[in-house]
Amino acid sequence: MNPHTLIDVSTLQAHLQHEDWCILDCRFNLTDTEAGRRAYQQGHIPGARYAHLDQDLSGPLTPGSGRHPLPQPSDFLHRVQQWGIRADTQVVAYDDMGGAMAARLWWLLKSLGHAKVAVLNGGWQAWLTASAAQQQEIPPCVQSDFQPQAALLGQRSLAEVLAQLKEQRWMLVDARAPERFRGEVEPLDPVAGHIPGALNRPLQLNLQADGRFKSVDQLRAEWQQLLGERSPKEVVHYCGSGVTACHNLLAMEHAGLSGSRLYPGSWSEWCQDPGRPVATG
C-alpha cells in the first residue's frame, strides 16, 4: 500500500490509536443526500469524522456551475483545520462505493499540498469483512493550524477545455458509465452525451470484483494501453460533476502515471450552455 494513494484495512487497524492519523467517512448517495450521514451515525470506523459531499467537499451552486463545484479554498481549509488535520497527519478517506466519493476528498487535500492522504482500499465493505470494530460515537476534534502548500495535483478550467477542442492537445477521459457517456440515458443532468473527442474509462474498471483496486501492474498496463503515446500530463479527467473523475486520477497516480489533471466542472457544467458542442454514441 501507498500512504499517498491507497491504504489497506490491516494498516489502518494497526494505526487506529495513533494521534497523527485522521479518518474521514465520505459515504454519500447522490439521490438521498443525507443517507451517508445516517449510515455514519449508525456505525463507522472508530475515530472517523464525517465529510459530507455537498456541505464539506463542494461549494455553493452558482448560475452555470456544475452540480458539485469545488469549495472555496478558504472554506475547505477551515474544514480541514476543524477536522484537526496537521502537516504531519496521515489522512485516510473511505466510502462504500469503491472509493468513488473518498477520492474527491483525496484530491481536495492534494490540491492544498497535503501529501499524506490515502483512500481505504475496499472501503467500508472491506472494513466489515475484516470483522473490524465500529462505533457510533462522534469523536471530538482539536482544531489545527494547518496551512496550505503548493498544490500536488492540478486542474483544467472550462475555458481551457473549450480552447483545446480543435487542437486536441489533451486526452479527455470520462469516468461515467458507458450508457451515460454514449448519451443513451442521463439520470442527473439536463443534457445527455459527452464532450467531443473524449474517451470513456468508467471508474469501475479500476476495481476488482471485491471492490478493491486492481494491482499496480494491472492498472499501469490498462492505463498505458489507453494513453498510447500520450504522457499522463496530457490527460484531463472528468465525469458528471467532478467527483468520481478523481477515482481515475487516483488510479493513475497509484499506478505511477503521475501528472494528469481534473476538470472539476465536468459534464454538468459543460452542458449548461447549449452553445457548447455535445457528442453522443
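The expected span of a helix is 1.5 Å times one less than its number of residues. In this predicted model, helix α8 puts that rule to a simple check. The helix runs over residues 216–227, 12 residues that should cover 16 Å, and its end C-alpha atoms do sit 16 Å apart, so expectation and model agree.

Now for which way the side chains of α8 look. L219, E222, W223 and L227 are buried, where buried means under 20% relative accessible area. Viewed down the helix axis, the buried residues of α8 fall within an arc of 135°, so they line one face of the helix. The general geometry helps here: with 3.6 residues a turn in an α-helix, residues three or four places apart point the same way. D217 and Q225, on the other side of α8, are exposed. As for what lies over the buried residues of α8, the cover includes the strands β7 (171–174) and β9 (235–238), along with helix α9 (245–254). Just after α8 comes G228, which takes a positive phi of about 60°.

Elsewhere in the model there is an open sheet of 5 strands, paired in parallel and ordered β1-β5-β4-β2-β3. Its edges are β1 (6–7) and β3 (49–50), each of which pairs on one side only. Further in, β2 (residues 21–25) and β4 (residues 90–94) run parallel and are joined by 5 bridges. To pick out one of these contacts along the strands, I23 has V92 in β4 as its bridge partner.

Terms used. Residues numbered from 1 in each chain as written. Predicted model: local features only at pLDDT ≥ 70, side-chain atom pairs only at ≥ 80, totals over all residues. Heavy atoms only, no water. Helix = DSSP H or I, 4+ residues; strand = E, 2+ residues; numbered from the N terminus. Buried < 20%, exposed > 50% of the residue type's maximum accessible area, 1.4 Å probe, protein only. Arc of directions from axis to C-beta. Contact = heavy atoms within 4.5 Å. Pairing = 2+ DSSP bridges.
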